[in-house]
Amino acid sequence: MVASFDYIIIGGGSAGCVLAARLSEDREVRVLLVEAGGADRNILYHVPAGFARMTKGIGSWGWSTVPQRHMRDRVFWYTQAKVIGGGSSINAQIYTRGHPIDYDGWAQSGATGWSYREVLPYFRRAEDNDTWDDAYHGQGGPIGVSKPISPLPICEAYFAAAAKLGIPFNADLAGDPPDGVGYYQLTQRHARRSSTARTYLKVAKQRGNFQLLLASQVTRIVVEKGRAVGVELVDPTEGPVTLCADREIILTAGAIGSPKLLMHSGIGPAEHLRSVGIAPVHDLPGVGSNLQDHLDISTIWECTGDHSYDKYIKPGWGALAGAQWLLTGKGPAASCLFETGGFVRADKSADAPDIQFHFGLGSGIEAGIAKLKNPGVTLNSAFMRPRSRGTVRLASSDLGVPPLIDPNYWEDPYDRHISLAGLKLARELLRQEPMRPFLQGERVPGEAIQGDDELFAYACRSAKTDHHPAATCAMGRGAMAVLDPELRMHGLAGLRVCDASAMPFVVASNTNAAVIMIAEKAADMIRGRSPLAATDLPARRKLGAVA
């Protein structure tokens, strides 16, 4: 069977769903979205607290990294979404954007048109904020952005403890500046996860010019005479299928999936492709290079009582929380469990915050994180501006073999130094007097672990990815750039890449909001529309010392 569409979008994640909705607004074009994963029918995809199950394998490809040679050969579990909505269906729903200098850095590196003033209108267009409608936030967009519904008193103690260290309170961690601690805004609406599948894609599915294929694995992008002309895929009912794209193919399979598929299609570093038995079609050395990710280290403390949500892991309490959420939209199940955090500096000379905190209202929330017997809380510390660069490579020409994911954590000694400094700062924060009524002591790594060598050993055992891989098909200039500033592939017509892999540098925050923004802006580029007018920025807000 051979069928034809104007646009074929490969990957139904955060970006793919946005593009499906925006491109299908033009009723004169035919749009196809192909997703390897299935539907998001499981209730855990929609209840906010369901995130706690996601990093343990639900809706995931089940990949791991190669041994990390700078972290004692540790192999990291590497959650990547395999479900419609992608990361927006399984992430912690934290809505942050990074710092303005992140996007200005993109523009300065060769990604013309992607400065903060130029991307801010696309953040606003995507957003339906329940609190603000101003220069930084919008209302009426597809993605619900809400304040937390069920914060606990220990969150206010956390803010007061930060103030003891001179860290200000910030009511808007997605504004300018994002510095300080506060409540995160969340991609939720009416106490339910607001994924791109349940917002953008819901609208697209009502249009006759749009088609969705689920559980369909694209095996190759077809290239003829220097142009991407179609895709080969395996349909669950029809088997092998070839589909033609009359206008463009847009690859939105994520920072791991996009370079993987490109290389399986013969697009990438020619020497590597030959080494696994794939004939190069288009030699592009930057494909799968420049991998950047945030590494997370945790301190876990035991509470003096039921000050977190840990008891709701028990079946009876969990059922009660579920019933409360269904009836009222409130309670523990309405919490994403990481509603509080912030951005701080471990390197005092840094131009912008370099550490992100996520204050978890429990222990053992994510895969690989210790679960205490009694109620506890977790403070994650992640270095946001890594200098180390990794790769995504193929282990085999067989599409079913997992890729070789090498974030190359801590290759640069500066990354290790600042990461450990961030962990020390997190521990110091939880030792402050305002936390004493709530916390009785650190249990992980434990007070006996103090020196840098001991903390390094602890990190090698216990650190985890923050699930923010990026930059493996980076836009920009130079020999290693894969895309131009309109996300078109260098040297190959008819193909764009539009996801976190297109970032020149990973943003210093959670990445989902930025991916949605990238897709919003890309949709205008693909449709030949003029970009939204750059924002005239007001003066930066002054932050308060306490909540």
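# Close-up views of a predicted model

At 24% relative accessibility, L212 counts as partly exposed. The model shown in these views is predicted.

**View 1. Surroundings of L212 in strand β12.** L212 belongs to strand β12, which covers residues 210-213. When neighbours within four places in sequence are left aside, L212 is in contact with L33, I84 and L201. L152 is 60 residues from L212 in sequence, and the C-alpha atoms of L212 and L152 are 41 Å apart in space.

**View 2. Surroundings of S4 in strand β1.** Strand β1 runs over residues 2-10 and contains S4. S4 has a relative accessibility of 29% and counts as partly exposed. Not counting residues up to four places away in sequence, S4 touches R30, C244 and D246. S4 and G230 are 226 residues apart along the chain, and their C-alpha atoms are separated by 8.5 Å.

**View 3. Helix α8 and the residue G266.** Helix α8 consists of residues 254-264; eleven of its eleven residues are buried, so the helix is largely enclosed by the rest of the structure. The buried residues start with G254, A255, I256, G257 and S258. They continue with P259, K260, L261, L262, M263 and H264. G266 comes just after α8 and takes a positive phi of about 85°.

**View 4. Helices α5 and α13 where they cross.** Helix α5 spans residues 116-126 and helix α13 spans residues 512-526; their axes come within 9 Å and cross at roughly 100°. That angle makes α5 roughly perpendicular to α13. On the α5 side, the contact is made by E118, V119, Y122, F123, R125 and A126. On the α13 side, the contact residues are A513, A514, I516, M517, E520, K521 and D524. Sorted by class, the contact of α5 with α13 has eight nonpolar, no polar and five charged residues.

**View 5. The salt bridge between D524 and R125.** Side chains of opposite charge can pair when their charged atoms come close. D524 forms a salt bridge with R125, and the closest N and O atoms of the pair are 3.3 Å apart. D524 lies in helix α13 and R125 in helix α5, so the pair ties together parts that are 399 residues apart in sequence. D524 counts as buried, at 4% relative accessibility. R125 has a relative accessible area of 23% and is partly exposed.

**View 6. The salt bridge between R345 and D179.** The side chains of R345 and D179 meet in a salt bridge, with an N to O distance of 2.8 Å. This pair links distant parts of the chain, 166 residues apart. R345 is in the loop between β19 (340-344) and β20 (355-360). D179 is in the loop between α6 (153-164) and β8 (180-183). R345 has 26% relative accessibility and counts as partly exposed, whereas D179 has 12% and counts as buried.

**View 7. The salt bridge between E428 and R431, and a network elsewhere.** The structure holds 30 salt bridges. In one of them, the side chains of E428 and R431 meet with an N to O distance of 3.4 Å. E428 counts as partly exposed, at 34% relative accessibility. R431 also counts as partly exposed, at 27% relative accessibility. Salt bridges that share partners join R22, E25, R125, E520, D524 and R527 into one network.

**View 8. The cysteines C473 and C498.** A search of the whole structure finds zero disulfides. C473 is in no disulfide, and the nearest cysteine sulfur, that of C498, is 12 Å away. Why does C498 form no bond with C473? The sulfur of C498 is 12 Å from the closest cysteine sulfur, in C473, and this is too far for a bond. C473 has 0% relative accessibility and counts as buried. C498 has 1% relative accessibility and counts as buried.

Terms used:
Residues are numbered from 1 along each chain as its sequence is written. This is a predicted model: local features need pLDDT of at least 70, side-chain atom pairs count only at pLDDT 80 or more; totals for chains, interfaces and linings use all residues. Side-chain values use heavy atoms; hydrogens and water are left out. Buried means under 20% relative accessible area, exposed over 50%, partly exposed in between (1.4 Å probe, protein chains only). Helices (H or I, at least four residues) and strands (E, at least two) are DSSP runs, numbered from the N terminus. A disulfide is a pair of cysteine sulfur atoms within 2.5 Å. Axes are lines fitted to C-alpha atoms, for helices over the stretch in contact, and angles run from 0 to 180 degrees between N-to-C directions. Angles under 35 degrees count as roughly parallel, over 145 as roughly antiparallel, 65 to 115 as roughly perpendicular and the rest as oblique. Contact means heavy atoms within 4.5 Å. Ala, Val, Leu, Ile, Met, Phe, Trp, Tyr, Cys and Pro count as nonpolar, Asp, Glu, Lys and Arg as charged, and the others, Gly among them, as polar. A salt bridge is a side-chain nitrogen of Lys or Arg within 4 Å of a carboxyl oxygen of Asp or Glu.
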